[in-house]
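Me: Take a close look at one part for me, the loop with the odd backbone geometry. Then carry on from there and tell me how the rest fits around it.

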Amino acid sequence: MDANHEGLAPASILVAAGRQPRVPGAGVNAPLELSSTYIADGPVNYARGGNPTWTAFEEVLGALEGGSALVFSSGMAAIAAALSLASGGSVIVAPTHAYSGTGLILNSLEKARRVIVRRVDISDTAAVIAALEGANLLWAESPTNPMLEIADLPRIFEAAHSVGAIALCDNTFATPLVQQPLSMGADVVVHSVTKYLAGHSDVVLGATVTAHTDRGRKIQSALAQHRLIHGAIAGPMETWLALRGMRTMHLRVERSSANAAELAARLQIHPGVERVRYPGFGSIIAIDVHGGSAGAETVAAQVRLWTHATSLGGVESLIERRRRHSSEASTVPDNLLRLSVGVEDIEDLWRDLAAALTHVSPSH
Ligand SMILES: *Cc1c(COP(=O)(O)O)cnc(C)c1O
């Protein structure tokens with residue numbers, strides 16, 4: 001495969017990377033390779049260690065993020081692999097409002113006395129820098145899920161490096177189209193590929209991407225070894241579907257972001273909405289609605305085009321009250337609805353959402 005995508009824009013990388021060599025008769029797409037073992041003496045001998053479909057996917061994601069990618073069986077498998085970089089007794093600085101699964105795994109590592117976790121408001125740069133004293137790993141997420149707080153990534157990555165800590169970023173929400181943490185100084189990026197990268201709510205998959213630096217290369221081999229010996233490997237079919245979904249990510253994200261910007265502006269003046277959280281980019285909006293948790297559940301139950309479901313980043317618009325999950329941080333408001341805006345027609349989305357919101361409008 002042609003691995004030289006330097007100088008290409010993300011849209012071109014998404015379409016052109018991870019293809020077959022251009023020899024007459026070759027398929028234009030990467031093969032879906034369903035073999036557990038390979039004829040001896042090749043580069044890979046057993047499929048827990050490698051697969052051509054992984055390689056194609058990893059080439060696209062690596063080129064997009066500007067690093068080396070590894071595909072994992074889920075976002076959580078990638079997160080667990082990344083947390084294995086923190087040796088026993090490590091101090092980890094993490095956002096109070098990290099993704100709830102990240103919160104759960106940090107809690108369990110803490111409970112088992114494997115690590116010490118310092119939770120901070122990741123948007124409070126001074127607090128992050130203060131917490132980094134003596135830390136071994138900075139876990140950043142920006143925007144955060146679901147509060148959409150924004151971190152000053154270059155500043156906090158630099159502060160992490162100044163104390164010798166690994167700088168990590170969960171880039172699921174922003175996508176590499178909006179921000180490339182490795183170019184801002186991160187050592188490693190994690191993704192839930194399940195979300196925007198795959199984009200069609202049909203696979204669960206994850207990935208890590210490491211920087212082209214000495215530290216990044218060391219991390220890369222530790223993560224590859226973790227994947228091999230813990231067996232957190234992606235199915236070739238899921239990987240192939242994710243690669244196919246990624247070919248149009250720029251188009252999907254462009255449309256869903258435009259839809260989200262318009263919806264955020266309209267929600268700002270809707271009487272049923274107390275507060276709109278929207279960072280000014282991306283396709284996720286969080287709204288605090290009138291009527292408390294019951295009001296929020298009513299809105300989620302009333303929509304017809306939107307779907308009441310967890311997750312995000314697919315072509316279809318989803319809505320969910322996050323606090324219905326006991327794993328969600330208690331500082332997330334009870335009446336907060338997370339909206340994952342899809343690529344449907346904006347007027348249809350608005351009509352449906354506005355109608356559901358009339359049930360919690362004060363005049364109702
Ligand atoms: C969904 C999500 C994850 C977990 O990924 P899975 O693919 O569900 O295992 C991690 N981080 C963020 C920000 C997410 O939204």
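Reply: P146 sits in the loop between β4 and α6, in what is, mind you, a predicted model. The peptide bond joining N145 to P146 is cis, with omega at about 5°. That loop, running between β4 (137-141) and α6 (153-162), also holds P143, and here too there's a cis bond, from S142 to P143, with omega about -5°. For background, most peptide bonds are trans, and most residues other than glycine have a negative phi.

On the phi side, T175 isn't a glycine, yet its phi is positive at about 70°. You'll find T175 in the loop between β5 (166-170) and β6 (188-192). With just 3% relative accessibility, T175 counts as buried. S311 is another non-glycine with a positive phi, near 80°, and its loop runs between β10 (307-308) and β11 (318-321). At 25% relative accessibility, S311 counts as partly exposed.

Now zoom out to the domains: the assignment gives domain 1 as 3-246 and domain 2 as 249-360. Their contact takes 27 residues from domain 1 and 28 from domain 2. About 2,400 Å² is buried between the two, with carbon and sulfur atoms giving 68% of that area. The salt bridge count between domain 1 and domain 2 is 0, but 9 residue pairs are in polar contact across the interface. On the domain 1 side, α1 (10-16), α4 (100-111) and α8 (236-246) each supply at least two residues, and α1 gives the largest share, 3 residues. By class, that side of domain 1 has 18 nonpolar, 8 polar and 1 charged residues.

Definitions and conventions. Residues numbered from 1 in each chain as written. Predicted model: local features only at pLDDT ≥ 70, side-chain atom pairs only at ≥ 80, totals over all residues. Heavy atoms only, no water. Domains from an automatic or database assignment. Contact = heavy atoms within 4.5 Å. Buried area = accessible area lost by both parts, 1.4 Å probe. Salt bridge = Lys/Arg side-chain N within 4 Å of Asp/Glu carboxyl O. Polar contact = N/O pair within 3.5 Å; in protein donor to acceptor, adjacent residues only side chain to side chain. Helix = DSSP H or I, 4+ residues; strand = E, 2+ residues; numbered from the N terminus. Nonpolar A, V, L, I, M, F, W, Y, C, P; charged D, E, K, R; others polar. Buried < 20%, exposed > 50% of the residue type's maximum accessible area, 1.4 Å probe, protein only.
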